[in-house]
Amino acid sequence: MYGKFKDYLKNELKAIDEAGLYKRERIIASPQGAEITLSDGSKALNFCANNYLGLADNPRLAAAAEKAMKERGYGMSSVRFICGTQDLHKQLEKAIAEYFHTDDAILYAACFDANGGVFEPLLGPEDAIISDSLNHASIIDGVRLCKAQRFRYANADMADLEEKLKEASSCRFRIIVTDGVFSMDGNVAPMDKICDLAEKYDAMVMVDESHSAGVVGPSGHGVAEQFNCYGRIDIFTGTLGKAFGGAVGGFTTGRQEIIDMLRQRSRPYLFSNSIPPAIAAAGIETFKILKESDELHNRLTENVNYFRDKMLAAGFDIKPTQSAICAVMLYDAKLSQVFASKMAEEGIFVTGFYYPVVPKGQARIRVQLSAAHKKADLDKAISAFIKVGRTLGVIK
Ligand SMILES: *Cc1c(COP(=O)(O)O)cnc(C)c1O
């Protein structure tokens, strides 16, 4: 039986490769960080990790994980509700709720699971989910698993959102769901306007803070802080895999009864293993570090501003970033790939994105800044951009 299926898969894989869409992985042989060492011994500056606060190789987090592993063992061998909850899990949930100014939080193995398990327990066929067109794949999948009616509005387009809210007006409950920061343009969701519309049309609000928490807002607490929307957002989801240490783990945080219901009915929570003690302990330490000072967030903000200003001055076309994501527009798909590979030759890792990941004719290089980058790292990346940009005729 496998013979025919094997031929089919080989053909499909070939087609992916011929379309230039085959994903190949870089093998890193060092900790994740601003500078990484690859398996062939070469070094590169990394501008494509979600390591926004530079915590991925933080010694305090590693020490907290090590201590917890010694004291509480390696794994939990259980889902939370049978015998998979330690005091560490409860402490981490408390720290997350405190960070987002919410009632309570619930942990998942990943934010993919948090989003996959948030809609189905709460909403039914008589309800409506109104979702931004650029929302993350895990939100799209979560919506698919739920029987609620689906409405989609154009990215951050408040007129379109209002239209969809009117269309959904006869539903029992309505929820608007958006990413906090959209990962391709680096733009933020206009949370204040979204909350205004939610109030006008009697809808709830959910935001996925994966790319925004730790990054945007005066002290980096995300879009609720940036737009002063505390108390107006019902559900937040987020990840421990980006700014918050970069290991693994996700969460939903928000109103008490919502979190209580998720603990009863959310399938990725009920039927999937508890996160390991070491991850929970390092998560607690992460929020402790962020409570002690805004230093990492301040450094990230300085780095973003420095990089953006120098790149604009060099003549590059940059999307008006509002986050730690900086889209250097090239428009041409082929050019974006050649540009990224020439940057790699210069020892700078950035990613070239083109259709279907971004709209046709909108190819770009995505740069992700980190608090871990030093001025010298930024200067080296900017020089490489200028060199490659001139060689390829992107800038004069
Ligand atoms: C990265 C990301 C996720 C997935 O997070 P994991 O914890 O890695 O599963 C979910 N939503 C958004 C918006 C993301 O950017």
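This dialogue goes through the ligand site, the domains and two backbone features of a predicted model.

Trainee: What ground rules apply to this predicted model?
Mentor: Local features need pLDDT of at least 70, side-chain atom pairs count only at pLDDT 80 or more, and totals for chains, interfaces and linings use all residues. Residues are numbered from 1 along each chain as its sequence is written, and side-chain values use heavy atoms, with hydrogens and water left out.

Trainee: How many residues surround the ligand, and which are the closest?
Mentor: The shell holds 13 residues. Each has a heavy atom within 4 Å of the ligand. Cys111, Asp208, His211, Thr239 and Lys242 are the closest. Helix α5 (residues 111-116) gives the largest share, 3 residues. Helices here are DSSP runs of H or I, at least four residues; strands are runs of E, at least two; both are numbered from the N terminus.

Trainee: What makes the pair between aspartate 208 and the ligand a polar contact?
Mentor: The definition asks for a pair of N or O atoms within 3.5 Å. A side-chain N or O atom of aspartate 208 is 2.6 Å from a ligand nitrogen, so the pair qualifies. Lysine 242 also uses a side-chain N or O atom, 2.6 Å from a ligand oxygen. Phenylalanine 112 uses a backbone N or O atom, 3.0 Å from a ligand oxygen. The protein buries 82% of the 390 Å² that the ligand exposes alone, by the Shrake-Rupley method with a 1.4 Å probe.

Trainee: Where do the two domains lie in the sequence?
Mentor: Domain 1 is 25-52 + 294-391, and domain 2 is 59-292. These bounds come from an automatic or database assignment. Their C-alpha centres are 27 Å apart. The contact (heavy atoms within 4.5 Å) takes 20 residues from domain 1 and 20 residues from domain 2.

Trainee: How much area do the domains bury between them?
Mentor: About 1,600 Å², 56% of it on carbon and sulfur atoms. That is accessible area (1.4 Å probe) lost on being put together, summed over both parts. In domain 1, Tyr52, His297 and Gln322 lose the most, together 34% of that side's buried area.

Trainee: Why single out histidine 101 and proline 356?
Mentor: Because most residues other than glycine have a negative phi, and most peptide bonds are trans. Histidine 101 has a positive phi of about 55°, in the loop between α4 (87-99) and β3 (104-108). The bond from tyrosine 355 to proline 356 is cis, omega near 10°.

Notes: Polar contact = N/O pair within 3.5 Å; in protein donor to acceptor, adjacent residues only side chain to side chain. Buried area = accessible area lost by both parts, 1.4 Å probe.
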